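Subject: Structure handover and notes

Dear colleague,

I am passing on to you the structure we spoke of, together with my notes on it. Please read the notes with the structure open beside them.

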Amino acid sequence: IGIVGGIMDITQQQYMIALAETGSLTKAAEKLGVSQPAISNWLKSIEEQFHTKLVIRSRHGLVLTQAGIIYLEASQKMRDIRNQTYRDIRGIANEGSTVITIAGTPNGGAELFARIYHDLGTELPSLELKFVESYNRSSINMVRQEKADLVLATIAGNIEDYGDDIEYIETVRHELMLAVPYGFPTSYDASAVKSEDPFPKADLSKLADLPFIMPNEEISYYDVLIRWFRQKGYSPNTVFRSASTKSIYNMIRSGNGIGIVQRRFFSPLDRVSPFSLDPPIQVFSAIIYKKGRDMSPEFLALLNKLCKILKH
């Protein structure tokens, strides 16, 4: 474990752990909030140092070699040592620290919290962070009732619909896409398609009566999607509902039906054909807090750091 500016630096180990967990350079970069070239250059450099491959590419993504497995196990041990060290030190040094409660969904919110927890804990050691799982409207009500300090939310439509007693900071926008498994009508080979490439537009008239994997009411874009269906005169043949966008996409790529998810889920390694919506539907991630709340230096520092991490 390296020491950088007095901080135990395990950046390289985090790269390896993310690669193993996602099986993709692109997804590992997204998970860590860094650029793909940063991880690619690191992987190339460390393989040159070891004179051996840590990963190999397969049809199903990146696969660890025996050397890669050894490096991964060491990386996980170093991460655990670092985390325990920080917990022990904070237990001594941070008696009476400021507690910040962050609310968010069990899906995207929890994922974001896991992504930011390390950096926030390192750079703002006077804060004790807590996470509460709750869907958007319940989370925002928790902020109103001062049971939570802020919400990591994904918003579709107008945030004004949630009331005029909240403030928000938009961090990043995501476009929704229609995902069609290979073998279904209109599907095509998308193995050479990059996530930033333009997708063909969806033609719902050719997809009538196909099984549809539907979000339920807890998903942020549910109401907007229902209005979009009505505008298109389309009635989905719903065979499965979920409050988890990951579960929805996994059902789609397993060939159980078509569905609409955030564009960021698409990978050319999946046997899924992506389509753009017309007109498009966008959702945006936001940090939400109560209007008029006490903007202490600690809370402002937290907001600034959150913005830097989430907009990266």
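What follows is an account of the cores, the ring pairs, one strand pairing and two single residues. Please keep in mind throughout that this is a predicted model.

I begin with the nonpolar cores. The largest of them has 38 residues, and those with the most contacts inside it are Leu-178, Ile-258 and Ile-260. Two or more residues are given to this core by each of β8 (166-181), β9 (211-215), α7 (222-232), α8 (245-253), β11 (258-262) and β12. Leaving aside residues up to four places away in sequence, Leu-178 touches ten residues' worth of neighbours that include Ile-258, Gly-259 and Ile-260, as well as Ala-202, Ser-273 and Phe-275. There is also a second, separate core of 20 residues, which includes Ile-102, Leu-120, Leu-150 and Leu-306.Turning to the aromatic rings, the count comes to 14 aromatic pairs. One of them joins Phe-212 and Phe-229 edge-to-face, with 5.5 Å centre to centre and 85° between the planes. This pair links distant parts of the chain, since Phe-212 lies in strand β9 and Phe-229 in helix α7, 17 residues apart, and both Phe-212 and Phe-229 are buried. Elsewhere, ring pairs link Tyr-15, Trp-42, Phe-50 and Tyr-71 into a cluster.

As for the strand pairing, strand β5 (residues 98-104) runs parallel to strand β6 (residues 127-133), with seven bridges between them. Between these strands the chain passes through helix α5 (residues 108-123), in a β-α-β crossover that is right-handed. Within the pairing, Thr-101 stands opposite Lys-130 in β6.

Thr-98 is also found in strand β5, and it counts as partly exposed because its relative accessibility is 30%. Thr-98 and Leu-129 are 31 residues apart in sequence, yet 8.5 Å apart in space from C-alpha to C-alpha. Not counting residues up to four places away in sequence, Thr-98 touches Ser-126, Leu-127, Glu-128 and Glu-298.

The other single residue is Ser-276, which lies in strand β12 (residues 272-276). Its relative accessibility is 11%, so Ser-276 counts as buried. A polar atom of the Ser-276 side chain lies 3.5 Å from the backbone oxygen of Phe-199. Neighbours within four places in sequence aside, Ser-276 is in contact with Glu-175, Phe-199, Pro-200, Lys-201, Ala-202 and Arg-263.

With best wishes

How values were computed: Residues numbered from 1 in each chain as written. Predicted model: local features only at pLDDT ≥ 70, side-chain atom pairs only at ≥ 80, totals over all residues. Heavy atoms only, no water. Helix = DSSP H or I, 4+ residues; strand = E, 2+ residues; numbered from the N terminus. Buried < 20%, exposed > 50% of the residue type's maximum accessible area, 1.4 Å probe, protein only. Polar contact = N/O pair within 3.5 Å; in protein donor to acceptor, adjacent residues only side chain to side chain. Contact = heavy atoms within 4.5 Å. Pairing = 2+ DSSP bridges. Right-handed = clockwise from strand over helix to strand, strands pointing away. Core = buried A, V, L, I, M, F, W, Y, C linked by side-chain atoms within 4.5 Å. Phe/Tyr/Trp six-rings, centres within 6.5 Å; stacked < 30°, edge-to-face > 60°.
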